[in-house]
Structure formats: C-alpha cells, structure tokens
Amino acid sequence: MHAVKDAADKEAANTDAVPAQPEVLRQHKRPVTALASIAFFVMCAMLLSMTVWIVWSSREVRLREAKATTENMARTLAAQAYMELEIADVMLDDIVEQIRHDGNMDASGERLQSRLEQLPRNIAEITGVFIFDRQGEWLASSSGAGRDGNNSDRDYFTYHKTHAQPGSHIGAPVLSKSSGQWVLPVSRRVASADGSFAGVVLVTLGLASFERIYDSLNLGKLGTAFFALDDGTLIYRRPFQAELIGMDISSGAILRAYRETGPVGTAMMTAKVDETERLYSYRHLQRFPVIVAAGLSKEDIFAEWRWLSTQIVLASLAAGAALIYLFRKVMRQIAVRDRIEASLRQASTQLQRANADLAARASQDGLTGLANRRCFDETLAHELNRAQRSGHAVSLIMLDVDFFKKFNDQYGHVAGDACLQAVAGAVARSVGRAEDLAARYGGEEFAVIMPGTGAAGARDVAEAIRAAVEALQLPHAASANGVVTVSLGAATLRPGQERRTDSSELIREADALLYQSKNSGRNRVSTEAPAA
C-alpha cells in the first residue's frame, strides 16, 4: 500500500511541475478586468443593499403605523368601556345608598319606581335598572313592569347571595328577560342592617351601545376588536357573533400576555377564536375587571407594503438586468475564457477524483472496508524490506472467525456478511496506529501488519482484537461460547533473523499460530515463544 502511495505522490509531483494552461491565463488577465469586475459587484451590492433597506424600512414604518393605530383604538375602547361602567357603578352606588338610608328594602320598590323609570331615558347606554329582594323577586324596575318576575336563577344574583363584597360586580352577558336583547349586567349587593343578604340592584348595559363604537373602527377586512372580563369571559367581539358571547378565552394569547406582561401591551398574536394572526393592542381598565383589545390582521397590515415592495424589487431587478447586460457586453471575451478555464479545472478535478476512487477501489475490500489482499501483499513486502534495512521488528497478526461455516449454514449468507463487517469494525477500532494496516486476507480470515512492533506489542493488540470481537456479543449457537469469537496468531520478524525475510514465511508462521489457537480451544491468542 505504501508503494502504491509513493508512486501516486510521485506522479502528482510530476503533474504539478508544469503549470496548467488555465492558470497561465488567469495570471495574465489585465488589471482593468479586475477593476471592472470589482466595480460591477460593488454596484450590484449597493443596489441590493438599497433595495433591502428600502423594503425593510417601509415594512418597519408600516408596522409602527399599525401599532399606533391599534394602540389608539384600544385606548378609545377602554375609555368608552370605562365611561359606561363608571356610569353604571355610580348609579348603583347611589341606589344602594338610598335603599340603605330608607332602611326598608320591602318598601323601596314603591319609592324608587318613578325614579328608576327616568334613568334609561336620560342615559342611552343603560337599558334597564332593577331591584330584587332576597328571593329574587322584582321590587322595582325602570321598565315599569309588574312585580311578577324572578331573577334568582341569574349568576349575578347567586354571586351576591354568596359574596359579601360591597362593590359592583360585572357578570357575563345575558339575554334580558324584559327586552330580549343582549345586555351586560352590572350589579351590587344590598345588605340588611345586620349585614345579611337583602337583595340585588342591577343595571344593564346594552351591547348595542358597544356595537356602535366598535363598528366605527377601521379594522380592515380581517381585523377585530373585543372586550372581555379578565377571567376570560368574552363580552363582545367584532365582527359580532351571538354564539361567541360568554365564550372562555382565558387560554388565548391576549389574556396570557396580560397575565405575563401587565395591563397594557402590543404584540403580534394569533387569536383563539379564528386562528388569525394579528397585531393586537390591549388595555386593562383600572377600576374594573375588564380588558379591551383591538387587532389588525397581519395580512391587512402588510397588503399595501407587499404591493409597494413588489414594485421596488421589480425596479431593482430591471436595473440589475441592465447592469448585467452592459457588463456582459464588455466582458464577453473574458467570460468565454473563464468558462473554458472552469471547464478544464472541473475536468481536472473529476479526473483526480476518478483516479483517487480507482486507487481506493484497487486497495479496499468491498464488503468490510478494510484493505484487500492485494494491498496486504504489497504492504507486507514493503515493510519487510524496510525492516531488513532499518533493523526494526515487523509483526503480523492473522485471525479467523471461529466456526464461520456453521454460522453461515445456520443464519444465512446475509447474516454472514453482516458478521464479517462487524468483526472488521472491531479489528479496525483495535488497531490504533496510522502505520498499522488491517486487511481482509480472504473469506473469514483477517490480518494486521504492525511495523516497528515487537512480540509483546503484537500480543497486546491481538488480545484487544479478541476481546473487542467477543464484546460484540453476536449470537452464534454453534459456538461453545454462544457468541461470535475469533482465534488469532501473532508472529514477529526480529532484526537479524535472516531466515524470515520472505513475507510468505511470516504469513505461514502467523497462520500456524492461528491454527494453534484453534486447536487449543479457539477464542484465544497464540504467539511465538519470547526470545531468550
């Protein structure tokens, strides 16, 4: 193998001694060619950079504009929601205070009825005001209806019955029993003098009042706006869909962002309701458990930007095409020469690869990847000649897979090939030095040439190979060990032993030691007796 390598190196050196014609052409190119090429690439780079910068900057500008728009819309929605809830809260506080002042919940309906009837007329957002006793019976209402209604089944009534907090409670939207419209209930608990539950005062805000504000927003084709309780109960969403009222969106992106980053924020998020990606701005009201949000879809935000960017890119491509055309006109002859040079260089590279591949194929065993018999013979002869000149020892290890024919008969030839590949891998891993050569000698027999290695070193390596193969634990029912093993013989040529200058003699001795291992029970290493 070393002889083959030396011959190849000599041939490569002879080839490199004569410069290739393409290299000569490259050395004699005029300086103006290089300058023209540099100028062309600089202009292209500048054009590309300007295009990228303009497109990216316009995108950032559009994103900032959309962010400002959504923030303004969220601020408007928050102000509107706060105003309506504040009105309802003040009204509830006033009514509860009057009931507490009168001190007679049972009679409050008569005294408050006329006043309640005036409230919705003065405030358009309020659709109704109601007072219920401890059983949920209507005591008074702004609609002037009789006292035959009962709201004890409403969630807000149950809430106040079980919670003693004096503040206003905002419940999930409901269909009003009096008007049949969707309303937002805002309620307060009425307590007796001893603090026990005495009833509920309710103000209902019509969702239609929110709809007027939300419809005035320019949200584009796929934009949306909504407000919800901060527990995730959806109160209203545009575009309006009645079936979404009361939906739980607590696991949605906006509620998660509110819980993680705070009461105000803007970010690109994907909606839980329709899986549309939008730029959302949200705000949580300061005094009420309500969060509002407005979002413009990513598609709408960048629709105009995409059109503008397409025009810019097309213009840049046209300018680039003009530059390329002019450059080609000027550099046509040089381009032809460069193509010829590239072709020659490619052909040379392919030829070198082909030669290297042929050399590898000629010296490598196709099944195991180790050196083949031809490479083994050449390398052994070469190393023996070197040993005779230098006086260094050469060791040879021969090994054979135990009961391999029985293995093939029982498991088949495909398994036999896999077994040989595994053994070859163990051999290659056990041979640590670059100058050592592991080869497939033939069939299930392998060999390792170890220049400059004495008998002790050869035995150590042979023992490492034996242990590595046994450690593979390849099942072998016909073997006494139950797994695949190898038997090895290691012979060493020592300086001054003139009788063993022939490679065949060293092979015969290593082979004899191999069969000594087989006759001694297999799965073992046999070496020549150490020198006295």
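In this predicted model, the count of cavities of 30 Å³ or more comes to five. The two at the top of that list make a good starting point, and the salt bridges and some unusual backbone spots follow.

## Cavities

The largest cavity has a volume of about 140 Å³. Its lining is made of 14 residues, and the ones closest to the centre are Phe226, Ile249, Ile254, Ala271 and Lys272. Three elements each supply at least two residues of this lining: strand E7 (224-229), strand E8 (234-238) and helix H7 (253-261). Of these, H7 gives the largest share, with three residues. Sorted by class, the lining of the largest cavity holds nine nonpolar, three polar and two charged residues.

The second largest cavity has a volume of about 90 Å³. Around it stand 14 lining residues, and Asn151, Tyr156, Ser176, Lys177 and Leu202 lie nearest its centre. Here the elements that give two or more residues are strand E1 (126-133), strand E4 (174-175) and strand E6 (197-206). The lining of the second largest cavity divides into eight nonpolar, four polar and two charged residues.

## Salt bridges

How many salt bridges does the structure hold? The total is 24. Three of them are set out below, with the N to O distance and the relative accessible area of each partner.

| Salt bridge | N to O distance | Relative accessible area |
|---|---|---|
| Arg62 and Glu65 | 3.7 Å | Arg62 22%, Glu65 44% |
| Arg188 and Asp93 | 3.0 Å | Arg188 12%, Asp93 39% |
| Glu470 and Arg466 | 2.9 Å | Glu470 25%, Arg466 13% |

Let us take the pairs in turn. Arg62 and Glu65 both sit in helix H3, three residues apart, which is about one turn of the helix. Arg62 is partly exposed, and Glu65 is partly exposed as well.

Glu470 and Arg466 belong to helix H12 (residues 455-471); because they are four residues apart there, about one helical turn separates them. Glu470 is partly exposed, at 25%, whereas Arg466 counts as buried because its 13% relative accessibility is under 20%.

The bridge between Arg188 and Asp93 links distant parts of the chain, with Arg188 in strand E5, Asp93 in helix H3 and the two positions 95 residues apart. Arg188 has a relative accessibility of 12%, so it counts as buried under the 20% cut-off. Asp93, in contrast, is partly exposed, with a value of 39%. Which residues are linked with Arg188 and Asp93 in a network of salt bridges? Glu86, Asp89 and Arg287 join them there.

Strand E5 has another residue to look at. Pro185 lies in this strand, which covers residues 182-191, and Pro185 is buried, with a relative accessible area of 1%. Pro185 and Thr204 are 19 residues apart in sequence, yet their C-alpha atoms are 4.6 Å apart in space.

## A nonpolar patch

On the surface, Leu35, Ile38, Val42 and Met46 make a nonpolar patch of about 400 Å². Val42 has its place in helix H3, which runs over residues 31-102. Is Val42 buried or partly exposed? Val42 is partly exposed, with a relative accessible area of 42%; that value is over 30%, so Val42 passes the accessibility cut-off for a patch.

## Backbone geometry

Most residues other than glycine have a negative phi, and most peptide bonds are trans. A few places in this model are worth a look with that in mind.

A cis peptide bond joins Arg238 and Pro239, with omega at about 5°. Pro239 is placed in the loop between E8 and H7, and both of these elements also supply residues to the lining of the largest cavity.

Phe403 is not a glycine, but it has a positive phi of about 55°. Phe403 is found in the loop between strand E12 (394-401) and helix H10 (404-411). With 26% relative accessibility, Phe403 counts as partly exposed.

Asn523 also has a positive phi, near 55°, in a residue other than glycine. The loop that holds Asn523 runs between helix H13 (503-519) and strand E16 (525-527). Is Asn523 buried or exposed? Asn523 counts as buried, because its relative accessibility of 13% is under 20%.

Key:
Residues numbered from 1 in each chain as written. Predicted model: local features only at pLDDT ≥ 70, side-chain atom pairs only at ≥ 80, totals over all residues. Heavy atoms only, no water. 1 Å grid on protein atoms, 1.4 Å probe; cavity = no way out; pocket = protein on both sides within 12 Å on 5 of 7 lines; lining within 4 Å. Points joined across faces, edges and corners; volume = space filled by probe spheres on them. Nonpolar A, V, L, I, M, F, W, Y, C, P; charged D, E, K, R; others polar. Patch = residues over 30% accessible without salt bridge, like charges linked within 9 Å, V, L, I, M, F, W, Y side chains within 5 Å. Areas by Shrake-Rupley, 256 points an atom, 1.4 Å probe, with all protein chains shown as cover. Salt bridge = Lys/Arg side-chain N within 4 Å of Asp/Glu carboxyl O. Buried < 20%, exposed > 50% of the residue type's maximum accessible area, 1.4 Å probe, protein only.
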